[in-house]
Amino acid sequence: GSQSVNTRPVQYSWLDSLGNQIAQGTKATVSNAGVYYLRVKEDGSGCTTLDTVRVLSPTRYPRLNAGKDTSLTCANPQLKLMSTIGNTQKYKVQWTAFDGGTLQPGGDTILQPIVTKQGRFVLRAEDLESQCVSLDTILVAEDKVAPTIDAGLGDTLSCREPIGTLVAVAPASGISSVWTLDGKNFGADSLSVKAAAAGTYYVKATNTRNGCSATDAARVSSI
């Protein structure tokens, strides 16, 4: 603030938020956070003025949790980070991406941004009242491995064998499957199906963990 020259003696006293005097003179020592007032009284005239000082707590750091490490998948190629701050409503955050990670535009200054590319993300949160800062890190990996699927060698229909059999080979667990002929699905979750018509049969296997899929085809002919 500005300074003024005063030739009359003045008295300084410090008050707590309840108006109780806690010290005299230009300095005061306090041990608690809060609002304090400096009262200046001019001798002779009795004129008084007040100024305010806010003492912030140095020990209140944002209770920050960036969330559990997670993965982008075929089913969820983008995901929202479920980060939390538990002990303050007045804060500002800043995300920094490493190792090639990216966020949706504008996501670097919100608590729960959307990740668009795998990487390591560091969250910085500042309590606007205490000005204390906390950091936390979350790793977003990528799980987009498709299952292996082999539709087999196909089959041949004849008058003696009007119904053929198709047998696909895929991992023993963790997949769902479906067969398709002429755009129509059948044989859900069965790697072995009967084929009563000639054509190209497609089998699609989907990894139930990450939603990634692979397709293979087998030809059924007739003679």
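Q: In this predicted model, does Tyr201 count as buried or exposed?

A: Burial is read from relative accessible area, where a value under 20% counts as buried. Tyr201 has a relative accessibility of 2%, and therefore counts as buried.

Q: Which residue forms an aromatic pair with Tyr201, and what are the distance and angle of that pair?

A: One aromatic pair is counted here. Its members are Phe186 and Tyr201, whose rings lie 6.0 Å apart centre to centre with 80 degrees between the planes, an edge-to-face arrangement. The pair links distant parts of the chain, since Phe186 belongs to strand E17 (residues 184-186) and Tyr201 to strand E19 (residues 199-207), 15 residues apart. Phe186 is partly exposed, at a relative accessible area of 27%, whereas Tyr201 is buried.

Q: Which strands stand at the edges of the sheet that contains E6, E13, E12 and E9?

A: An edge strand is recognised by its single partner strand. The four strands form an open sheet with mixed pairing, in the order E6-E13-E12-E9. Strand E6 (70-73) and strand E9 (91-98) each have a single partner strand, so one side of each is left without a neighbour in the sheet. On average, neighbouring strands of this sheet are turned by 25 degrees against each other, direction ignored.

Q: How many bridges join E9 to strand E12?

A: Eight bridges join E9 to E12 (residues 119-127), and these two strands run antiparallel. Among the residues bridged to E12 is Trp95, whose partner there is Leu123.

Q: Where does the charged end of Arg120 sit?

A: The charged end of Arg120 is placed over the ring of Phe98, 4.7 Å from the centre of that ring.

Notes
Residues numbered from 1 in each chain as written. Predicted model: local features only at pLDDT ≥ 70, side-chain atom pairs only at ≥ 80, totals over all residues. Heavy atoms only, no water. Phe/Tyr/Trp six-rings, centres within 6.5 Å; stacked < 30°, edge-to-face > 60°. Buried < 20%, exposed > 50% of the residue type's maximum accessible area, 1.4 Å probe, protein only. Lys NZ or Arg CZ within 6 Å of the ring centre and 35° of its normal. Pairing = 2+ DSSP bridges. Axes fitted to C-alpha atoms, helices over the stretch in contact; angles between N-to-C directions.
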